[in-house]
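Biologist: I would like to learn how to read a model like this one, feature by feature. Could you take me through it?

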Amino acid sequence: MSFELPQLPYSFDALEPWIDAKTVEIHYTKHHITYLTNLNNALSSLPAFAGQSIEEILSHLEAVPETVRTAVRNNGGGYYNHIVYWNVMGANKGGEPLGKLAKAIETSFGGFTALKEQVEKAGLGRFGSGWAWLSKKTDGSLLVHSTPNQDTPLAEGLIPVIGVDVWEHAYYLKYQNRRAEYLTNWWNLVNWEEAERRYLEA
Ligand code: MN3
């Protein structure tokens, strides 16, 4: 068994002008696929993991043999995190959170403005490479947090609702060192239907 690269749910230029087509193309066809390839290589000698979902594997990294655990953590994380990232964005999206997720954001943070501030702060505060997340805890409440490198919320027992990649490869061609501007503009891309679906499913 091996994992596969899900199709990008839109064309490379769909996220313009907020994320340029070249960045999306390189990010998906070079970076994302490399995580996938390295994940499959790491798991190729472990038939016991065949049939497990990527979510199961990343939620129980301690069960992965030590010889490949770091490879699975980094590349499995990269594989999974980017699937979340692509799917919580879209063309002509943005706007405000919807439905039950909007209510939960109100309860946990006091509203969308406060959520945006916390996510942008988490993304800006991540030194080096990583991610900023809105995640759901097991008790149903919401949390804004950041993970380094390709670590996932799953490894902390959290379910990601939305996540923004703050590795330089996600924004450097268009924004260079201006991570703050990328984060502010990113809200124009968030697919709140998908975010609510993830929140309700989690
Ligand atoms: Mn990336």
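Modeller: Gladly, and we can begin with Pro17, which lies in the segment before helix 1. Helices (H or I, at least four residues) and strands (E, at least two) are DSSP runs, numbered from the N terminus. This is a predicted model, in which local features need pLDDT of at least 70 and side-chain atom pairs count only at pLDDT 80 or more, while totals for chains, interfaces and linings use all residues. Residues are numbered from 1 along each chain as its sequence is written, and side-chain values use heavy atoms, with hydrogens and water left out.

Biologist: What kind of peptide bond joins Glu16 and Pro17?

Modeller: Look at omega: here it is about 0°, and the bond between Glu16 and Pro17 is cis.

Biologist: Now the metal. Which residues coordinate the manganese ion?

Modeller: A donor is an N, O or S atom within 2.8 Å of the metal (3.2 Å for Na, K and Ca); water is not among the atoms, so sites may look incomplete. In this model, the manganese ion is bound through NE2 of His27, His82 and His169 and through OD of Asp165, at 2.0 to 2.2 Å. Along the sequence, the spacing of these donor residues reads H-x54-H-x82-D-x3-H. Distant parts of the chain are linked by the pair His27 and His169, 142 residues apart: His27 sits in helix 1 (residues 21-43), and His169 in the loop between strand 3 (159-165) and helix 6 (172-175).

Biologist: Are His27 and His169 buried or exposed?

Modeller: The scale is relative accessible area: under 20% is buried, over 50% exposed, and in between partly exposed (1.4 Å probe, protein chains only). Both His27 and His169 are buried.

Biologist: How should I read the sheet, and in what order do its strands lie?

Modeller: Two strands pair if DSSP finds at least two bridges between them. Here three strands form an open, antiparallel sheet in the order 2-1-3. Strand 2 and strand 3 are the edge strands, each pairing on one side only. On average, neighbouring strands of the sheet are turned by 25° against each other, direction ignored (axes are lines fitted to C-alpha atoms, for helices over the stretch in contact, and angles run from 0 to 180 degrees between N-to-C directions).

Biologist: How many bridges join strand 1 and strand 2?

Modeller: Seven bridges, in the antiparallel sense, with strand 2 covering residues 142-148. Gly130, for instance, has Pro148 of strand 2 as its bridge partner. Five residues lie between the two strands of this hairpin, where Gly140 takes a positive phi near 95°. On the other pairing, strand 1 meets strand 3 over six antiparallel bridges; among the partners in strand 3 are Gly163 for Trp133 and Pro160 for Ser135.

Biologist: How many residues of strand 1 are buried?

Modeller: Seven of the seven residues in strand 1 (residues 130-136) are buried. Gly130, Ala132, Leu134 and Lys136 point one way, and Trp131, Trp133 and Ser135 the other.

Biologist: Which residues other than glycine have a positive phi, and where are they?

Modeller: Two examples are Asn92, with phi of about 55°, and Asn149, with phi near 55°. Asn92 is in the loop between helix 3 and helix 4 (99-109), and it counts as exposed because its relative accessible area is 81%. Asn149 belongs to the loop between strand 2 and strand 3 and is partly exposed, at 40% relative accessible area.

Biologist: Last topic: how do I look for empty space, and which residues line the largest cavity?

Modeller: Rolling a probe the size of a water molecule over the atoms shows where empty space is left. On a 1 Å grid over the protein atoms alone, a cavity is a set of points where a 1.4 Å probe fits but cannot get out, and lining residues have an atom within 4 Å of a point. Grid points are joined across faces, edges and corners, and a volume is the space filled by probe spheres set on the points. This gives one cavity of 30 Å³ or more, and the largest cavity holds about 40 Å³. Its lining residues are Pro6, Gln7, Leu8, Pro9, His32, Ile83, Trp86 and Asn87. Helix 3 (residues 66-87) gives the largest share of that lining, three residues.

Conventions. 1 Å grid on protein atoms, 1.4 Å probe; cavity = no way out; pocket = protein on both sides within 12 Å on 5 of 7 lines; lining within 4 Å.
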